[in-house]
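Grab a coffee and work through the exercises below with the model open beside you. Each one sets a task and then walks through a solution.

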Amino acid sequence: MPGQTVKPQVAIVGGGMITAIQLLPTIYYLQRMGLVGPISVAALNAAAIRKLMDDPTLKAGFPSQSFNAYPKPDGPSQDMSELYREMIADLPPRQIVVAAVPDHLHYQVIRSALEHDQHVLSVKPLVLKYAQALEIEQEAFRRGLMVGAEYHKRFDYRSLMARREYRAGRFGQFRAGQAHLVECWYYRHSNFQNWCTVENSDMFTYIGCHYVDLVAFITGLLPVSVSLYGVVEDYPNGRKGYLWTDGRVKWNNGAFLSVLTGLGYPDAAPGGNTQGLTMHCEGDKDGCLIRHSDQFRGVEHSYRAAGGEPGDTVYAQPNPDYFRMLDMGEGCLTPVGYGHRSVEYIINAARRIESQAGGDLAARQRMLREMDQAGIMATPANSSYNELVIEAGRLSIANNGREAVIEYGQKPSVHLA
Ligand SMILES: NC(=O)c1ccc[n+]([C@@H]2O[C@H](COP(=O)([O-])OP(=O)(O)OC[C@H]3O[C@@H](n4cnc5c(N)ncnc54)[C@H](O)[C@@H]3O)[C@@H](O)[C@H]2O)c1
């Protein structure tokens, strides 16, 4: 068999929220299924490692599993921001590195992974600059390595249904859309206030990118300009963030999508956020429509008392579709949902390359091109319009919402209109 391994080691950089609630549960599950080997996690400090190791849901879900920690849980208390490099250097070639650090740090983690010949799964957005996405694409291809950006809304069945039917012509042409995604107020008190600040990011870059990517994923259209207005407010620690944004994205068929994002959905309200997408389209004789409520998914619970986590409410509208850990009678918990499917798909894509092409570089490169072409997994080659949108959005927001235009062609770039 050509494969070097079909049971890759997985090394996760970042031990925050997304690692705890989505990445690690799925990767533990894949390990339980015998599909991945040992798991390592590098966090900024020992306290973050201890928090992850003591997470009650992870303990209940995966009672006999654990990970190699960088630093050790009883290690020194100071931040060790370069330790992840040691974890990556400790891997044999062509395992999988997961980048789960704040948005502006993805680039350095991905670079380090590629330099050590590792496949990469990165949480979205892949990087914040088009030039970085291009560099990553070229370096990964040269080495025959996969880089998958984890845009999990793509794996929501409603998105895959819309994509298939849009591409079969059933909705005609997209013309005008609205999307919104407002996360809970309590996020302001979390680690967000340390990094999602005006210099690094904004709400459009952080979460608006999901819906821009989704419209491209469904329609195959390309975004051509962004006007982004943002409201700057103080976080509880006094740092400043663009906590509300309104973006208008124009597309290469003349359509527009308006995207409202924010950090202020009431903690007292049911559901973990408010979000949804409406796309008005035109057929020959009538309007066509795609509309998703991505928050209220038809489930209502009212408990004896609210849970203990921020944002927990007595009356709740839990989302059964994103990520749930279910008791399937096995003495442990089983992850389900589009967040799970998305991580599983990307890990399995890397496993497939290793099992089918192994050390044959040309064969690995052929498979990479096929994956780019298939377009289900976001790769630097098939979705770097996302980086151009982010660059245009950052340029526009810094200029009070002036339109920033994306030029495609030989050397894609953005500039103010
Ligand atoms: N809907 C989504 O797709 C979604 C949701 C949440 C987060 N994310 C993405 O995940 C990433 C992380 O977000 P989060 O919510 O987990 O944030 P977080 O602030 O909870 O966690 C980030 C973690 O990275 C760690 N970190 C920072 N520098 C590090 C370093 N040098 N070495 C090791 N660890 C380091 C921090 O200590 C922190 O624990 C962001 O890029 C975010 O956009 C995506």
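Helices (H or I, at least four residues) and strands (E, at least two) are DSSP runs, numbered from the N terminus. This is a predicted model, so local features need pLDDT of at least 70, side-chain atom pairs count only at pLDDT 80 or more, and totals for chains, interfaces and linings use all residues. Residues are numbered from 1 along each chain as its sequence is written, and side-chain values use heavy atoms, with hydrogens and water left out.

**Exercise 1. The whole chain**

Task: describe the protein chain by its helices and strands, its radius of gyration and its buried residues.

Solution.
- Step 1: start with the elements. The protein chain has 13 helices and 18 strands.
- Step 2: check the compactness. The radius of gyration (taken over C-alpha atoms) is set against the globule rule, 2.2 Å times the number of residues to the power 0.38. For 417 residues the rule gives 22 Å and the chain comes out close to that at 21 Å, so it is as compact as a globular protein of that length.
- Step 3: get the box. Along the principal axes, the C-alpha atoms fill roughly 60 × 60 × 45 Å.
- Step 4: look inside. Buried means under 20% relative accessible area, exposed over 50%, and partly exposed in between (1.4 Å probe, protein chains only). Of the 417 residues, 55% are buried.
- Step 5: look at the contacts, meaning heavy atoms within 4.5 Å. Take those between residues at least 6 apart in sequence: 70% of them join residues at least 24 apart.

**Exercise 2. A serine in a strand**

Task: place Ser-122 and list what it touches.

Solution.
- Step 1: find its element. Ser-122 sits in strand S5, residues 119–123.
- Step 2: check the cover. Its relative accessible area is 0%, so Ser-122 is buried.
- Step 3: list the partners. Setting aside residues up to four places away in sequence, Ser-122 touches Ala-99, His-106, Ile-110, Gly-148, Ala-149 and Glu-150.

**Exercise 3. Aromatic pairs**

Task: work out how the rings of Phe-192 and Trp-195 are arranged, then do likewise for Tyr-322 and Tyr-338.

Solution.
- Step 1: set the rule. Rings of Phe, Tyr and Trp (its six-membered ring) pair if their centres lie within 6.5 Å; planes under 30 degrees apart count as stacked, over 60 as edge-to-face and the rest as tilted. By this rule there are nine aromatic pairs.
- Step 2: apply it. Phe-192 and Trp-195 are 5.2 Å apart centre to centre, with 35° between the planes, and make a tilted pair.
- Step 3: locate them. Both lie in helix H8 (residues 192–195), three residues apart, or about one turn of the helix.
- Step 4: check the cover. Phe-192 is buried at 6% relative accessibility, and Trp-195 is buried at 11%.
- Step 5: turn to the tyrosines. The ring centres of Tyr-322 and Tyr-338 are 5.5 Å apart and the planes are at 55°, so this pair is tilted.
- Step 6: locate these two. Tyr-322 is in the loop between strand S14 (315–316) and strand S15 (324–327) and Tyr-338 is in helix H10 (residues 338–356), so the pair ties together parts that are 16 residues apart in sequence. Both tyrosines are buried.

**Exercise 4. Around Phe-192**

Task: find which aromatic cluster Phe-192 belongs to and which residues it contacts.

Solution.
- Step 1: name the cluster. Tyr-186, Tyr-187, Phe-192, Trp-195 and Tyr-206 form one aromatic cluster.
- Step 2: list the contacts. Leaving out neighbours within four places in sequence, Phe-192 contacts Tyr-187, Tyr-206 and Tyr-235.
- Step 3: compare sequence with space. Phe-192 and Pro-102 are 90 residues apart in sequence, and their C-alpha atoms are 8.6 Å apart.

**Exercise 5. Unusual backbone**

Task: locate two cis peptide bonds and two residues with positive phi.

Solution.
- Step 1: recall the background. Most residues other than glycine have a negative phi, and most peptide bonds are trans.
- Step 2: take the cis bonds. One joins Tyr-70 and Pro-71, with omega about -5°; Pro-71 is in the loop between strand S3 (68–70) and helix H4 (83–89). Another joins Lys-124 and Pro-125, with omega about -15°.
- Step 3: take Arg-94. Its phi is positive, about 60°, and it lies in the loop between H4 and strand S4 (96–99). Arg-94 is buried at 13% relative accessible area.
- Step 4: take Asn-400. Its phi is also positive, near 60°, and it lies in the loop between helix H13 (385–398) and strand S17 (404–407). Asn-400 is exposed, at 63% relative accessibility.
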